[in-house]
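Got the viewer open and a hand on the mouse? Let's walk through this one stop at a time, selecting as we go.

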Amino acid sequence: MSVPKIVILGAGFGGLMTAKGLQKELGYNEADITLVNQNSYHYITTKLHEPAAGTSHHDHARLSISSVINTNRIKFIQDRVSAIKPEAKEVHLENGEPLSYDYLVVALGGAPETFGIKGLLENAFFIRNINSVRMIREHMEYMFSRYQEEKREDLITIVVGGAGFTGIEYVGELVDRMPELCREYDIPLEKVRIINVEAAPTVLPGFDKELVDYAVKYLESKGVEFLISTPIEECTEDGVILKGGKEIKAATIVWTGGVRGNKVVEESGIETMRGRVKVDEYLRAPGYDNVFIIGDSSLVFNEQERPYPPTAQMATQQGQHLAKNIASLIRGGELKPFKYEPKGTIASLGNKEAIGILGDKKMTGWSAAFMKKIVDLRWLFLLGGISLVLRKGKL
Ligand code: FAD
Ligand code: NAD
């Protein structure tokens, strides 16, 4: 007897939560489940700012997919999705045969939003995946290694474009890394410039002012320069050009100016807004009852009709909910509407400092930093229980 085919695209926060949930919810003979991901490993996107600065090794931010799913239960295919064909109910892969499905879960994450800024794709780095953060760290170290010979200030100037959560967390890691890096390359710490450029009139636009002030004061005390109300208009081989024409010469430019949806989703024919799909209350794509879209590829609106920011917290809750819904659907049951329950936000400022709001409680300093580590450990717990926490977790 043939069973329904479920295909999950992407093994990030959303995709893995769906896979783990389906593995738990469904019996062996109830569905044929396939997970596709371009790498053999899952990278923990929420930790990528650390290896990008070199404060931890990139292996701390990834784990093998076969170690967290039951590959007897879920077929894992390592390949790149090249196209989604919802009309034909097919997914095309770069190397393998097309996959057909009865239910499709699209959890391919997002992509950097460059707003068409000239030169950004060619000259800036992005905190996006294991490869991209390895390149940032290696590049920055090479620039520092050249300083003694060439004595060019731009070699030890780092521009971070965008002071949202990614930019601020990355700058926090850079602050932690600099003393060691400067010792290694015999560079006086005070000569290094870390410049965080933000288009909006404030760092972390929309976030609690008291916490923003705390973060700015702490990072400035460690030498970070903030340039607010100053959009980057162009990125060149030599640095960035700001609105008004001022140029900052920098050999390392990291763009953290925002995210949009995945190109594969954008090209699928499904309606998108900046590459993301406005899903219905059951996380379905408009016009396709058997295509579910979650995580950074999806857009969910709150009661005021404003989109929730794309976060791991959102992707995780969607994946957990969707697994239950698909299991119910397969058994002829009802779908339950998805309701996002924000638990709070914590942003690290390096290893020992952070800011955050949990419920209505504001946190700063080491207690917030400790809470951030607990949130990171929770993800490992959801993926692999206490044994994975003990194996991979670090406080
Ligand atoms: P992802 O986790 O990005 O997973 C997508 C997966 O799909 C990846 O494995 C990718 O390799 C794969 N993939 C993509 N394209 C293809 C393709 N064509 N073929 C095959 N596979 C493909 N959010 C929080 O809630 N809290 C935080 O503290 C936090 N910190 C962050 C820190 C940083 C530095 C960054 C960059 C983001 C942070 N976020 C945080 C946001 C969060 O990481 C994302 O919202 C979350 O990862 C989205 O999950 P996802 O499952 O949609 O996508
Ligand atoms: P973002 O969109 O939140 O922030 C991007 C920032 O770049 C904005 O402040 C924007 O004004 C600025 N910007 C845009 N164009 C610019 C320009 N031309 N010049 C200078 N600045 C410019 O993007 P992000 O920080 O990458 O975050 C992406 C998502 O991931 C968000 O939903 C965020 O909440 C989430 N995230 C969460 C955490 C956390 O919870 N700790 C950490 C990182 C990311």
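Begin with α5 (165-184) and β24 (344-348): each of them supplies at least two residues to the shell around ligand 2. Keep in mind on this tour that you're looking at a predicted model.

**Stop 1: ligand 2**

Now bring up ligand 2 itself, with the 24 residues around it. Which of these come nearest? Pick out Thr166, Glu198, Ile232, Pro310 and Ile346. Colour the shell by residue class and you'll get 14 nonpolar, eight polar and two charged residues.

Next, try some distances from the ligand to the backbone. Pro310 has a backbone N or O atom 2.8 Å from an oxygen atom of ligand 2. Click over to Ile232, where a polar backbone atom sits 2.9 Å from a nitrogen atom of the ligand. Then go to Ala199: one of its backbone N or O atoms is 3.1 Å from a nitrogen atom of ligand 2. Taken on its own, ligand 2 has 850 Å² of accessible area, and the protein covers 77% of that.

**Stop 2: the two domains**

Zoom out and colour by domain. The assignment for the protein chain gives domain 1 (5-38 + 79-112 + 259-341) and domain 2 (124-255). How far apart are the centres of domain 1 and domain 2? Taken over C-alpha atoms, they are 35 Å apart. With those colours on, look back at ligand 2: its shell draws at least three residues from each of domain 1 and domain 2.

**Stop 3: ligand 1**

Keep the domain colours and select ligand 1. Here, too, domain 1 and domain 2 each give at least three residues to the shell. There are 31 residues around this ligand, and the nearest are Gly14, Gln38, Val81, Asp296 and Ala312. By class, the shell has 11 nonpolar, 15 polar and five charged residues.

Switch to the helices. α1 (13-25), α5 and α8 (312-330) each supply at least two residues of this shell. Which helix gives the most? That would be α8, with three residues.

For the contacts, go first to Val81, which has a backbone N or O atom 2.8 Å from a nitrogen atom of ligand 1. A polar backbone atom of Phe13 is 3.1 Å from an oxygen atom of the ligand. At Thr45, look at the side chain instead: an N or O atom there is 3.3 Å from an oxygen atom of ligand 1. The protein covers 89% of the 1,000 Å² of accessible area that ligand 1 has on its own.

**Stop 4: some strands**

Select β13 (residues 193-197) and β14 (residues 224-227), which run parallel and are joined by four bridges. Val197 has Leu227 of β14 as its bridge partner. Show the side chains along β14 and watch them alternate: Val224 and Phe226 point to one face and are buried, while Glu225 and Leu227 point to the other and are not.

Move on to β15 (residues 232-235) and β16 (residues 239-242), an antiparallel pair with three bridges. They form a hairpin with three residues between them, and Glu234 has Ile241 in β16 as its bridge partner.

Finish by following β16 into β17 (residues 247-249), again antiparallel over three bridges. Val240 is partnered with Ile248 of β17. This hairpin has four residues between its strands, and Gly244 in the turn shows a positive phi of about 100°.

Technical notes: Residues numbered from 1 in each chain as written. Chains lettered and ligands numbered in written order. Predicted model: local features only at pLDDT ≥ 70, side-chain atom pairs only at ≥ 80, totals over all residues. Heavy atoms only, no water. Near = heavy atom within 4 Å. Polar contact = N/O pair within 3.5 Å; in protein donor to acceptor, adjacent residues only side chain to side chain. Areas by Shrake-Rupley, 256 points an atom, 1.4 Å probe, with all protein chains shown as cover. Nonpolar A, V, L, I, M, F, W, Y, C, P; charged D, E, K, R; others polar. Domains from an automatic or database assignment. Pairing = 2+ DSSP bridges. Buried < 20%, exposed > 50% of the residue type's maximum accessible area, 1.4 Å probe, protein only.
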